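Dear colleague,

I am handing over a structure for you to look through. My notes on it follow below.

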Amino acid sequence: VATALLLATRATAFAARALPPRLTGAVVDRAVGLMAARFIVPDTPAEVMARLADLKGLGRDASFDPLGELVLTQEEAERYADAVVKLIDLAAAHYGGSAHKRVVNAAGIPRAQVSVKLSALSTYFNPIDPEATALEMRPRLARILRHARSRGAFICFDAEHYVYRDLSLDVPAHILADMPDMEGWRDFGFVVQAYLKDAVPFVERVVALARQRGHRIQVRLVKGAYWDAETAEAAAQDVPAPTFWNKAETDIHFQQLVLYILARSDALALAVGSHNVREHAFAEIARARLYPHAPVIEHQVLHRTAEGLAWALAAVGWVTRDYVPVGDLVLGIAGRGVERRDVAAHAIFGASHPHQVGRMEAPAVVGAAIDQPGRCGWVAEPLLGDRAIRGDSLGSRHPWPHAKDADGDR
Amino acid sequence: VMATESVRASGFAEVIERLIDVGGSPWTLIFADILAPSLLNDGGVINAEAQTVVADYLKRVPPGSVAWARLAIADVHLLALVLPDTQTCRLYTPGMAQEAFLGELSGDAALQAHLDAIDQHPPTFTTIDEVTAKYELVPLRSPAAAVAGRDRAVLVDSTRRQVEALIHVMEAYKPSRLERLQDWFLEVIAADQALLRQVLRFVAVLPSLRFDRSGREVTRVLRENLRLLRHAQQQRRGTWPRRCCWPPGPPPSPPEPCPRV
């Protein structure tokens with residue numbers, strides 16, 4: 001393989017030298033566009049509607065994710081808000097939702113859904129000043145929320161870096177509390193990242209908000225997409241990382257949170273966002289055997305990243321939703337590749353064939369997280385706790401298990 | 001040499017032992033004296049903040065478990081190794097960097113023993129155990145623990161069977177030819193770190209090259225990445241690229257092994 005790669009590299013280098021630059025540029029553009037179009041939907045109404053129709057045919061819904069986060073200018077923030085509103089319109093038009101007609105799936109969640117990154121709605125997204133952040137963001141977010149209600153759509157407030165985690169809950173809660181006309185509106189949810197050691201207090205805050213508002217709130221449980229950034233920032237500042245160091249610990253915590261959320265089903269509805277077949281199976285079994293009164297679970301996957309898994313989830317009749325990035329193809333694939341290297345390993349370089357997913361999570365190791373203390377899934381190392389911070393294991397000896405995560409969890 | 005002599009003469013490197021009370025039980029704290037300003041008060045006794053932080057953590061460690069944690073005391077981040085058999089807690093700086101440096105300078109046997117003790121005890125009470133205890137989560141690492149009052153073996157067995165059923169269904173999925181080709185291509189890229197790195201680098205730059213309608217910049221960046229990739233491939237094969245070492249010379253020697261700390 002190494003020799004073949006070397007030869008391929010040389011052949012490509014030769015072609016890049018021999019072909020006219022304009023032709024090389026066109027070939028590169030076409031190749032990248034072709035690959036990106038698999039994972040990202042171009043932001044034109046026709047493409048969005050076509051992808052919705054494709055998914056509908058497969059028995060799946062979509063949660064659209066307009067690309068972009070941490071904007072720098074008001075124009076960018078306005079553009080992002082416009083993109084969200086446009087996607088709400090398109091999804092609602094596709095499903096036929098309106099203010100008086102909620103078109104929901106079997107989990108009771110509106111089929112039209114848009115995931116919103118709050119940092120893309122404000123140029124002043126400041127964790128130490130939540131009131132000012134809410135004030136600055138309020139016009140745009142209020143417009144989005146009212147529009148979602150008028151079209152019977154669901155808004156999921158996406159999780160971002162740890163430093164913004166509390167803002168992603170506080171700002172919407174604050175703004176919704178200031179909107180009497182939105183009282184009783186229930187079609188919004190939050191994301192819980194299982195790789196965070198203090199995920200439980202965040203879940204508890206969502207529970208408190210749900211009980212205060214008097215309705216269930218959906219939480220999308222994911223493993224987390226910013227592990228590289230969180231650990232690098234923590235190491236640079238010499239403070240403990242907010243995340244687990246080991247993938248195995250995150251896996252265990254994920255299942256613990258599944259049980260924790262199901263146990264609070266009076267206030268929470270669970271959505272499992274993972275490419276690990278075991279997590280989906282575990283959640284369904286836990287609900288069926290331990291918490292039969294909990295609401296139906298929604299299963300989410302990154303769009304066409306583990307297509308075999310998504311196909312199977314829908315085929316067995318579980319409520320399945322694709323998380324679909326929408327935007328500029330080249331910009332999107334570049335952003336996904338660089339900003340989230342740990343996601344890139346599977347978001348860009350994912351696996352859709354069942355054999356690939358099967359190899360990642362072979363039946364022999366399924367349930368290992370709870371069968372074998374200290375070992376889990378493909379991770380062959382014993383749990384190390386925060387030992388990786390120690391100089392003797394940092395970098396050279398510690399395998400950075402998260403970075404080598406192969407099961408493609410968000 | 002002067003620094004070493006100075007440290008040896010002054011007896012600067014010293015290991016301190018202090019007793020603290022943890023829920024009525026005496027524990028010994030052991031640490032190098034460089035940590036004394038954060039841990040001791042003027043009278044040489046463990047200060048209130050250190051007592052609270054350390055005792056709170058020690059109370060969470062289950063009996064018989066060797067535990068390891070990072071604690072913040074007086075804005076200083078310390079690592080703690082808990083050895084319940086001897087009711088001992090050893091505190092040290094991240095990476096044992098300061099202690100190892102002083103140990104080398106002073107040659108102090110007590111400090112060396114402190115370092116060795118830290119190195120010889122891998123933890124059995126890990127972060128997930130601490131999180132489980134702190135938030136009273138279902139102890140999934142413990143095979144005997146029940147889950148929501150139900151037998152765990154049943155849950156594990158059902159999950160396994162469900163996974164097998166799902167994988168069986170997944171086998172029926174037939175990707176298109178394009179999808180198979182893309183999967184193969186992506187699998188090759190993902191399997192080769194050097195290739196993955198260069199592809200990510202190349203793709204990251206592309207959006208900024210849109211101004212270039214002639215394709216010259218894209219070609220230049222592509223060739224640059226291909227050159228870097230070829231160098232990485234040749235390094236891996238042990239054939240150092242000729243262009244990189246003109247005038248010709250021997251390939252670079254492998255890096256020195258990392259020091260113990």
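Helices (H or I, at least four residues) and strands (E, at least two) are DSSP runs, numbered from the N terminus. The model is a predicted one: local features need pLDDT of at least 70, side-chain atom pairs count only at pLDDT 80 or more, and totals for chains, interfaces and linings use all residues. Residues are numbered from 1 along each chain as its sequence is written, chains are lettered from A and ligands numbered from 1 in the order in which they are written, and side-chain values use heavy atoms, with hydrogens and water left out.

Chain A contains 15 helices and eight strands. Of its 410 residues, 62% are buried (under 20% relative accessible area; exposed is over 50% and partly exposed in between, with a 1.4 Å probe and protein chains only).

In chain B, helix α8 covers residues 177-191. The end C-alpha atoms of α8(B) are 21 Å apart, which agrees with the 21 Å expected for 15 residues at 1.5 Å a residue (1.5 Å times one less than the number of residues). Its buried residues are E179(B), Q182(B), D183(B), L186(B) and I189(B). They fall within an arc of 130° seen down the axis, so they line one face of the helix (the arc is that of the directions from the helix axis to the C-beta atoms). On the other side of α8(B), R177(B), L181(B), W184(B) and A191(B) are exposed.

L178(B) lies in helix α8 of chain B and is partly exposed, at a relative accessible area of 43%.

Kind regards
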